[in-house]
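Let's take a walk through a protein fold together, one piece at a time. Have the viewer ready so you can follow along as we go.

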Amino acid sequence: MAIMVDGLGMRAGEHWLFRDLTLDLPAGTCLTLAGANGAGKSTLLHCLYGLRQPTDGTVTVDGRAPDERDPGFRRNVSVLLDDSDFFAELSPRQHLQLLLDSFRTGDEPDPWLDRAGLGERADVHAYHLSAGQRRRLLLLGAVARPHHVLLLDEPERALDTQGKEWLADLVQAECSQGRTVVMATHHPPLVDLADQVVTLG
Ligand SMILES: Nc1ncnc2c1ncn2[C@@H]1O[C@H](COP(=O)(O)OP(=O)(O)OP(=O)(O)O)[C@@H](O)[C@H]1O
């Protein structure tokens with residue numbers, strides 16, 4: 001199993017955000033987290049990445065207890081969370097080049113940028129990008145590096161119709177290449193891609 005969750009619970013003050021959550025997610029499958037604002041979707045993603053310790057239960061992601069400080073864990077688990085950011089002074093092409101060089105993937109940045117619809121914005125400083133273009137760049141940063149597991153928090157945010165279609169294709173490609181995707185989303189077409197749906201709250 002790529003992700004195993006056993007008896008997971010997170011208390012928020014007097015209230016349990018989720019409790020007794022058990023999941024087995026095989027490699028190459030997609031889990032979506034649904035639920036109202038404040039239901040605990042981001043909190044659960046944080047538990048899967050080791051940013052928060054659950055009140056109860058255990059989590060195993062790609063064979064390890066989640067720990068974002070562990071380079072071995074970070075090497076295989078890629079994330080796009082609420083606070084993901086980029087270098088404002090670098091262009092999309094420079095971001096991608098840096099990433100692809102540091103992971104020695106041998107890929108060129110341009111095909112990635114073109115597929116993300118950022119080809120014409122490849123050389124502007126990232127702070128000149130629109131909100132949706134920034135989101136596309138952050139998504140590229142998450143998927144262009146090697147990984148086995150991808151955690152996404154509302155990846156559809158700020159994307160236009162075409163961007164959401166690109167995102168849905170990206171998620172399908174991830175799973176068909178054997179990677180495991182967990183995403184919190186309010187976008188029904190992304191929920192439709194899921195092999196499993198967990199609704200919190
Ligand atoms: N220790 C805590 N004590 C009290 N409240 C907490 C604690 N930890 C989290 N919460 C609250 O629990 C809720 C869970 O938020 P979270 O961001 O996980 O929800 P979400 O489902 O991702 O929401 P959204 O759809 O708005 O992104 C928030 O209202 C947060 O303030």
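How many bridges join S1 to strand S4 (residues 56–61)? Five, and the two strands run antiparallel. Before we go on, keep in mind that this is a predicted model.

You can pin down one spot in that pairing: Ile 3 in S1 has Val 61 as its bridge partner in S4. Now look across to the other neighbour of S1. Strand S1 (residues 3–12) is joined to strand S2 (residues 15–25) by seven bridges, and these two also run antiparallel. Here Ile 3 turns up again, standing opposite Leu 25 in S2. Follow the chain from S1 into S2 and you'll trace a hairpin, with two residues between the strands. Gly 13 sits in that turn and has a positive phi of about 65°.

What holds strands together like this? In general, strands of a sheet pair through backbone hydrogen bonds, and they can do so either parallel or antiparallel.

Put those pairings together and you get an open sheet of three strands, in the order S2-S1-S4, with antiparallel pairing. S2 and S4 are at the edges and have a single partner strand each, so one side of each has no neighbour in the sheet. From one strand to the next, the twist averages 20°. Helix H1 packs on this sheet, where it touches S1, S2 and S4, and its direction makes about 130° with that of S1.

Stay with H1 for a moment, as it leads us to the ligand. Which helix gives the most to the shell around the ligand? It's H1 (residues 41–49), with three residues. Among the residues surrounding the ligand are Lys 41, Ser 42 and Thr 43, along with Gly 38, Ala 39 and Gly 40. Gly 13, which we met in the hairpin turn, is also part of the surroundings of the ligand. So are Ala 12, Leu 17 and Ala 184. Sorted by character, the shell has four nonpolar residues, seven polar ones and one charged one.

Time for the other sheet. Five strands make up this open sheet, in the order S5-S6-S7-S3-S8, and the pairing here is parallel. At its edges you'll find strand S5 (77–80) and strand S8 (196–199), each pairing on one side only. Ignoring direction, neighbouring strands of this sheet are turned by 15° against each other on average. To see one pairing in detail, find strand S3 (residues 30–34): four bridges join S3 to S8, and the two run parallel. Ala 34 stands opposite Thr 199 in S8.

Now for the helices, with H5 as our guide. H5 lies across S5 and strand S6 (149–153), running at about 170° to S5. How do helix H5 (residues 131–143) and helix H6 (residues 161–176) pack? They meet at an angle of about 10°, with axes 12 Å apart. H5 and H6 are therefore roughly parallel to each other. Where they touch, Gly 132, Arg 136, Leu 139 and Val 143 in H5 meet Gly 163, Leu 167, Leu 170 and Glu 174 in H6. That contact divides into four nonpolar, two polar and two charged residues.

H5 has another partner too. Its axis and that of helix H3 (residues 92–102) come within 10 Å and cross at roughly 10°, so H3 and H5 are also roughly parallel to each other. From H3, the residues involved are Pro 92, His 95, Leu 96 and Leu 99, and they meet Leu 137, Leu 140 and Gly 141 in H5. This contact has five nonpolar residues, two polar ones and no charged ones.

Finally, step back to the whole stretch. An unreviewed UniProt entry lists residues 3–201 as "domain: ABC transporter". Over residues 3–201 the chain is 34% helix and 25% strand, with the end C-alpha atoms 21 Å apart.

Notes:
Residues are numbered from 1 along each chain as its sequence is written. This is a predicted model: local features need pLDDT of at least 70, side-chain atom pairs count only at pLDDT 80 or more; totals for chains, interfaces and linings use all residues. A residue is near a molecule or strand if its C-beta atom, placed from the backbone, lies within 6 Å of it. Ala, Val, Leu, Ile, Met, Phe, Trp, Tyr, Cys and Pro count as nonpolar, Asp, Glu, Lys and Arg as charged, and the others, Gly among them, as polar. UniProt positions are given in the numbering used here, feature names are shortened, and annotations may be inferred rather than shown by experiment. Two strands pair if DSSP finds at least two bridges between them. Axes are lines fitted to C-alpha atoms, for helices over the stretch in contact, and angles run from 0 to 180 degrees between N-to-C directions. Angles under 35 degrees count as roughly parallel, over 145 as roughly antiparallel, 65 to 115 as roughly perpendicular and the rest as oblique. Two residues are in contact if their C-beta atoms, placed from the backbone, lie within 7 Å.
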